[in-house]
Amino acid sequence: IGADCQLLSHVHVGAQVVLGAGCRLGPHSAVLEGCELGEGCVLDAGAVVGSEGFGFAPGRGELRRLRSRGAVRLGPAVELGAQSCVDRGTLADTKVGASVKIDNLVQVAHNVSLGEGALLCAQAGLAGSVKVGAGAMLGGQAGVADGVEVGPGARVAAQAGVIANVP
């Protein structure tokens, strides 16, 4: 835990977590095992970094959970709004670039890569393995399908459903 970090009430910091200097973790936020936050990151109330990705495979008449082996790496000055979640990668890490701002109630799935300065508004949702370029902006309730790329500086309107690459 770096210098000048603030951990407010009921925060959970898992094993082998690294918090850069000046991080602020709001009430009931969690940083799970093996994840890393750069300097000056902010997690608002109830935000979760490093939860299991949503991966299941059929087998023997039931769905079996696929365990995530990667972690989450947040660059410096990332802000994660209340009740938002960034899932750990399946095999490699989920990566969030410097100065990314994520609003309340946003879902960032496993293996996602967010470029520097990207902005995700309330209730946006990114499926697994999505790539969002530097400076891209997604409006409230926008959704991006699995494996799609949103290019640098792109603008995705509120409630849009992105099912193919956007330059």
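**Exercise 1. Determine which residue of β25 is the bridge partner of G143, and place that pair in its sheet.**

In β25, the residue bridged to G143 is G161. The model is a predicted one, in which local features need pLDDT of at least 70, side-chain atom pairs count only at pLDDT 80 or more, and totals for chains, interfaces and linings use all residues. Residues are numbered from 1 along each chain as its sequence is written, and side-chain values use heavy atoms, with hydrogens and water left out.

Step one is the strand pair: β22 (residues 143-144) and β25 run parallel and are joined by two bridges, where strands are DSSP runs of E with at least two residues, numbered from the N terminus, and two strands pair if DSSP finds at least two bridges between them.

Step two is the sheet, an open one of eight strands in the order β2-β5-β8-β13-β16-β19-β22-β25, with parallel pairing. Because β2 (12-13) and β25 (161-162) stand at the edges with a single partner strand each, one side of each is left without a neighbour in the sheet.

**Exercise 2. Describe the hairpin of β9 and β10, including the residue with a positive phi.**

Strand β9 (residues 56-59) and strand β10 (residues 62-65) run antiparallel and are joined by four bridges; within this pair, P58 stands opposite L63 of β10. Two residues lie between the strands, and R60 takes a positive phi near 55 degrees.

**Exercise 3. Find out how the buried residue D87 is surrounded, given that it has no salt bridge.**

First, D87 lies in strand β13 (residues 85-87). D87 is buried, and the nearest side chain of opposite charge, R65, is 8.0 Å away; here buried means under 20% relative accessible area, exposed over 50%, and partly exposed in between, with a 1.4 Å probe and protein chains only. Lys and Arg count as positive and Asp and Glu as negative, while His and the chain ends are not counted. A salt bridge is a side-chain nitrogen of Lys or Arg within 4 Å of a carboxyl oxygen of Asp or Glu.

Next, the side chain of D87 makes a polar contact with the side chain of S51 at 2.6 Å, the term denoting a pair of N or O atoms within 3.5 Å, of which, within protein, one must be able to donate a hydrogen and the other to accept it, residues adjacent in sequence counting only if both atoms are side-chain atoms.

Finally, leaving aside neighbours within four places in sequence, the residues in contact with D87 include E52, F54, V72, Q107 and H110, contact meaning heavy atoms within 4.5 Å.

**Exercise 4. Trace the salt-bridge network that contains E36, R73 and D93.**

Begin with E36 and R73, which form a salt bridge with their closest N and O atoms 3.8 Å apart. Since E36 lies in strand β6 (residues 36-37) and R73 in strand β11, this pair ties together parts that are 37 residues apart in sequence.

Continue with R73 and D93, whose side chains meet in a salt bridge at 3.1 Å, N to O. Here R73 lies in strand β11 and D93 in the loop between β13 and β14 (94-96), so the pair ties together parts that are 20 residues apart in sequence.

For accessibility, E36 is partly exposed at 33%, R73 is partly exposed at 29%, and D93 is partly exposed at 25%. Salt bridges that share partners thus join E36, R73 and D93 into one network.
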